[in-house]
Amino acid sequence: MGTAGARFMVAKQLAASGGLYLEEGTTRLALDPGPGAIVQYAKRKIDPSRLSGILLSHRHLDHAGDVNVMIEAMTEGGFKKRGRLYCPSDALDEDPVVLGYLRGFPEEIVRLQPETAYVLGSIDFATSPAHPHGAETYGFRFGGDRLGWVTDSAYYDGIAEQHRAEVMVIHTVLLERRPLPHLCLEDAEAIIREARPRLAILTHFGMTMWRAHPWELAARLTESTGVEVKAARDGLTIDL
Ligand SMILES: [Zn+2]
C-alpha cells in the first residue's frame, strides 16, 4: 500500500504511505496504515470493511496516521463491532494515536508484548524484542518463518536472526548511516548477509534512498550478496 518512509517522503507523497497488507484465506490484516492508507486501499480495491485486523509496529505518524479512519472503516463506522487492533501500549496511553471514542469499535484491542505469539484467523505472527527506535516498536515474523518484517529500528546485534525468514521485508530509510534510529542500506545488507532469505524486499524509503533509485541499489545488493533483493514499489504484490 506504499513504500514511503519518514517525514519528508510522506509529506511530499513521492511514494504512497499506506503500509502493507496481508491476506491468508479469509483473514485480512492491515499493517502500519500511514497517511493516505484509506486512499490506497480504495485505489487497490481492498475493501477495509472486510479487514480482520490492523497491526501497528509503532506509533509514529508514517505508520499510524490513518489508524483511526481504518478502524472506522473496518467496523463500518462503529456500527459493526468487529476486527482486532494490535498495537504497542504507547499508542494507547499518553498522547495516544488511537482516539478514545472508537476504542470500543473493534472486538478487541491487543497490547503487543515483546517475543509473544498471536493468532488472528489463519494468520499467526510473533513479535521480536523491542526495537531501539524512540517509541515502543516491534518487528514481526508471520507464519513461522515465511515472512519476516524488519520494521523501523536502529541496527543491533541479533536483528537478522530475530527476523530471519524465507521472505524478509526490510525498512531501509537511510542511504548513508546517520545518527538516527533507522536502518541504512549498509545495515540492510548486513541483515541480508546474515539471514540469507530466499527473497529480501527493501521498502519504507526515506528521501536519500529514494533519490538514489532503490531498484538500482537492490540490483547491486543482489550481486554483492547472492540473495535476490528487490526494491518494493507502490502496489507490489508478492505470493508467499
Ligand atoms: Zn518510526
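**Exercise 1. Work out which residues of β11 point which way, and whether they are buried or exposed.**

Step 1. Sort the side chains by face: L199, I201 and T203 point one way from β11, while A200 and L202 point the other way. In a regular strand, side chains alternate between the two faces of the sheet.

Step 2. Check the burial on each face. Every one of these residues is buried, whichever way it points. Keep in mind that you are working with a predicted model.

Step 3. Draw the conclusion for the strand: 5 of the 5 residues of β11 are buried, so the rest of the structure largely encloses β11.

Step 4. Add the neighbouring strand. β11 pairs with β10 in the parallel sense, over 5 bridges. Within this pairing, V167 stands opposite L199.

**Exercise 2. Describe the largest pocket: what is its volume, and which residues lie nearest its centre?**

Step 1. Start with the volume, which comes to about 860 Å³.

Step 2. Turn to the lining. It is made of 40 residues, and L20, Y21, L22, L236 and I238 lie nearest the centre of the pocket.

Step 3. Ask which elements contribute. At least two lining residues come from each of β1 (20-24), α3 (61-64), β7 (123-127), β9 (147-150), β10 (167-171) and β11 (199-203). The most come from β1, which gives 5 residues.

Step 4. Classify the lining by chemistry: 17 residues are nonpolar, 13 polar and 10 charged.

**Exercise 3. Do the same for the second largest pocket: which element gives the most to its lining?**

Step 1. The space in this pocket is about 500 Å³.

Step 2. Of its 20 lining residues, A6, R7, V173, L180 and H182 lie nearest the centre.

Step 3. Look at the helices: α1 (6-12), α3 and α7 (207-211) each supply at least two lining residues. The answer is α1, which gives the most with 5 residues.

Step 4. Here the chemical split is 10 nonpolar, 6 polar and 4 charged.

**Exercise 4. Explain why the arrangement of donor atoms around the zinc ion is irregular.**

Step 1. List the donors. H58 (NE2), H60 (ND1), H133 (NE2) and D152 (OD) coordinate the zinc ion at 2.1 to 2.5 Å.

Step 2. Place them along the chain, where their spacing reads H-x1-H-x72-H-x18-D.

Step 3. Inspect the angles. The 4 donor atoms subtend 88 to 178°, and a tetrahedral site would need all angles between 85 and 135 degrees. The arrangement is therefore irregular.

Step 4. Look at the surroundings of two donors. H58 is buried, because its relative accessibility is 0%. H60 counts as partly exposed, because its relative accessibility is 28%.

**Exercise 5. Find where residues with a positive phi sit: in which loops are Q13 and H213?**

Step 1. Recall the background: most residues other than glycine have a negative phi.

Step 2. Take Q13, whose phi is near 50°. Q13 sits in the loop between α1 and β1, and is partly exposed at 38% relative accessibility.

Step 3. Move on to H213, with a phi near 65°. H213 lies in the loop between α7 and α8 (214-225), and is partly exposed with a relative accessible area of 33%.

Step 4. Finish with R196, which follows just after α6 and takes a positive phi of about 45°. In helix α6 (residues 185-195), the buried residues are L185, D187, A188, E189, I191, I192 and A195.

Notes
Residues are numbered from 1 along each chain as its sequence is written. This is a predicted model: local features need pLDDT of at least 70, side-chain atom pairs count only at pLDDT 80 or more; totals for chains, interfaces and linings use all residues. Side-chain values use heavy atoms; hydrogens and water are left out. On a 1 Å grid over the protein atoms alone, a cavity is a set of points where a 1.4 Å probe fits but cannot get out, and a pocket is an open set with protein on both sides within 12 Å along at least five of seven lines; lining residues have an atom within 4 Å of a point. Grid points are joined across faces, edges and corners, and a volume is the space filled by probe spheres set on the points. Helices (H or I, at least four residues) and strands (E, at least two) are DSSP runs, numbered from the N terminus. Ala, Val, Leu, Ile, Met, Phe, Trp, Tyr, Cys and Pro count as nonpolar, Asp, Glu, Lys and Arg as charged, and the others, Gly among them, as polar. Donors are N, O and S atoms within 2.8 Å of the metal (3.2 Å for Na, K and Ca); water is not among the atoms, so sites may look incomplete. Four donors count as tetrahedral if all angles lie between 85 and 135 degrees; four count as square planar and six as octahedral if opposite donors are over 155 degrees apart and all others between 65 and 115; anything else is irregular. Buried means under 20% relative accessible area, exposed over 50%, partly exposed in between (1.4 Å probe, protein chains only). Two strands pair if DSSP finds at least two bridges between them.
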